[in-house]
Amino acid sequence: MNYLILSRLNESYSTRRLVQEIQARNHHPLVESPEGFTLHTMVDLVIPRLGSFRYHESMKELRAFSEKFPQIPILNSPKAFHQARHKKMALEILKGLPQPKIYRTAPDFPVVIKDCLASQGQGVFLCHTQAELELCLSKLPDRNLLFQEFIQECSGHDVRAFVVGAKVVGAIERFSADPKQEFRSNLSLGGHARNTQLTDQEKQFVLSAVQRLELDYAGVDFLRSKRGALLLEVNPSPGFEGLEKCTGLNIAGEIISHSEVLFQNSQKNIFFES
Ligand SMILES: Nc1ncnc2c1ncn2[C@@H]1O[C@H](COP(=O)(O)OP(=O)(O)OP(=O)(O)O)[C@@H](O)[C@H]1O
Ligand SMILES: [Mg+2]
């Protein structure tokens, strides 16, 4: 198979690991920027690894590719990718699954403000007063924002579960370096990880979130609160360095094995349609 990985960071841990596992299975990896990549038919399967930088431009090209080559499977289709990446859109679709309250009008304090398309904790802020909120908003003009209940007891601590297909392949707890100072537990912000096992209820919870968003694989962030598991977000292009290093699991291998199944199924469909 010829794989096309769309990534601006071809030296990133996750992209390098995907390339390794593709080569280990005697397939052919091609890594190209998600913007300005050549639309060629030699590709058998596409893996979009889109970050926040120029996200709209990248998504526009991915949609164009998918429309031009509908027979070529994309691991996390443009539709599934976008509805997951956009925090407000995702939480709307996942209504009914336990999640922190979303404020549509005047929030209770403390409140968490999120840029709907940001990631790595970069677009997530905590405001304790109206004054802090106004200052924060003044720094975020023209952003699509989400106002979310702050789950105090989970400050600086959350869970990242990794789903491939219909299986939870691994999970870590994440802890911010100093929960008193930093409520975000992103590893990219200096947090650290510890291997964790999910309860059967938590497994059902994260699997239904991924299935409802029609994703092939994803990183699901949730809080273990006094009210039980509360969903934060579902990442359609999740990093897995922390998870692999913390658990020794071969997450990249799980992703590529699943993509081989998707490709075989797509071939069957083409065969039966012809
Ligand atoms: N409502 C909340 N209550 C308490 N802590 C929260 C809340 N929302 C977010 N956090 C903390 O902030 C971190 C970042 O938030 P979130 O996962 O929503 O944003 P992100 O920037 O998209 O992260 P990612 O890099 O996973 O895409 C979470 O991992 C969690 O530790
Ligand atoms: Mg997150």
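This section describes the domain division, the domain interface and the nonpolar cores of a predicted model.

The chain is divided into two parts: domain 1 comprises residues 2-76 together with 251-273, and domain 2 comprises residues 87-236. The centres of the two domains, taken over C-alpha atoms, are 27 Å apart. The contact between them draws on 14 residues of domain 1 and 12 residues of domain 2.

About 1,100 Å² of area is buried between domain 1 and domain 2, and carbon and sulfur atoms contribute 58% of this area. On the side of domain 1, Asn76, Ile251 and Glu254 account for 45% of the area buried against domain 2, more than any other three residues. Polar interactions also cross the interface: seven residue pairs, both members at pLDDT 80 or more, are in polar contact. The number of salt bridges between the two domains is one. A salt bridge is formed by Lys167 and Glu254, with 3.3 Å between the closest N and O atoms. Glu254 is thus named both in this salt bridge and among the three residues that supply 45% of the area buried by domain 1. With respect to secondary structure, strand E3 (45-49), helix H2 (55-68) and helix H8 (251-273) each provide at least two residues of the side of domain 1 that touches domain 2. The most is given by H8, with five residues.

The largest nonpolar core contains 28 residues, of which Leu198, Val206, Leu215, Phe222, Leu231 and Val234 touch the most other members. At least two residues of this core come from each of helices H3 (78-85), H4 (87-93) and H6 (200-212) and strands E7 (157-164), E8 (167-175), E10 (217-225) and E11 (228-235). H6 makes the greatest contribution to this core, with five residues. Val206 touches Ala161, Val163, Val168, Leu198, Val220 and Phe222, when residues up to four places away in sequence are not counted. Another core, of 22 residues, lies apart from the largest one and includes Leu45, Val169, Ile172 and Phe263.

Helix H3 is one of the elements that supply the largest core. Seven of its eight residues are buried, so H3 is largely enclosed by the rest of the structure. The buried residues are Pro78, Ala80, Phe81, His82, Gln83, Ala84 and Arg85. These residues are covered by elements including strands E3 and E11 and helices H2, H4 and H6.

Methods. Residues numbered from 1 in each chain as written. Chains lettered and ligands numbered in written order. Predicted model: local features only at pLDDT ≥ 70, side-chain atom pairs only at ≥ 80, totals over all residues. Heavy atoms only, no water. Core = buried A, V, L, I, M, F, W, Y, C linked by side-chain atoms within 4.5 Å. Buried < 20%, exposed > 50% of the residue type's maximum accessible area, 1.4 Å probe, protein only. Helix = DSSP H or I, 4+ residues; strand = E, 2+ residues; numbered from the N terminus. Contact = heavy atoms within 4.5 Å. Domains from an automatic or database assignment. Buried area = accessible area lost by both parts, 1.4 Å probe. Salt bridge = Lys/Arg side-chain N within 4 Å of Asp/Glu carboxyl O. Polar contact = N/O pair within 3.5 Å; in protein donor to acceptor, adjacent residues only side chain to side chain.
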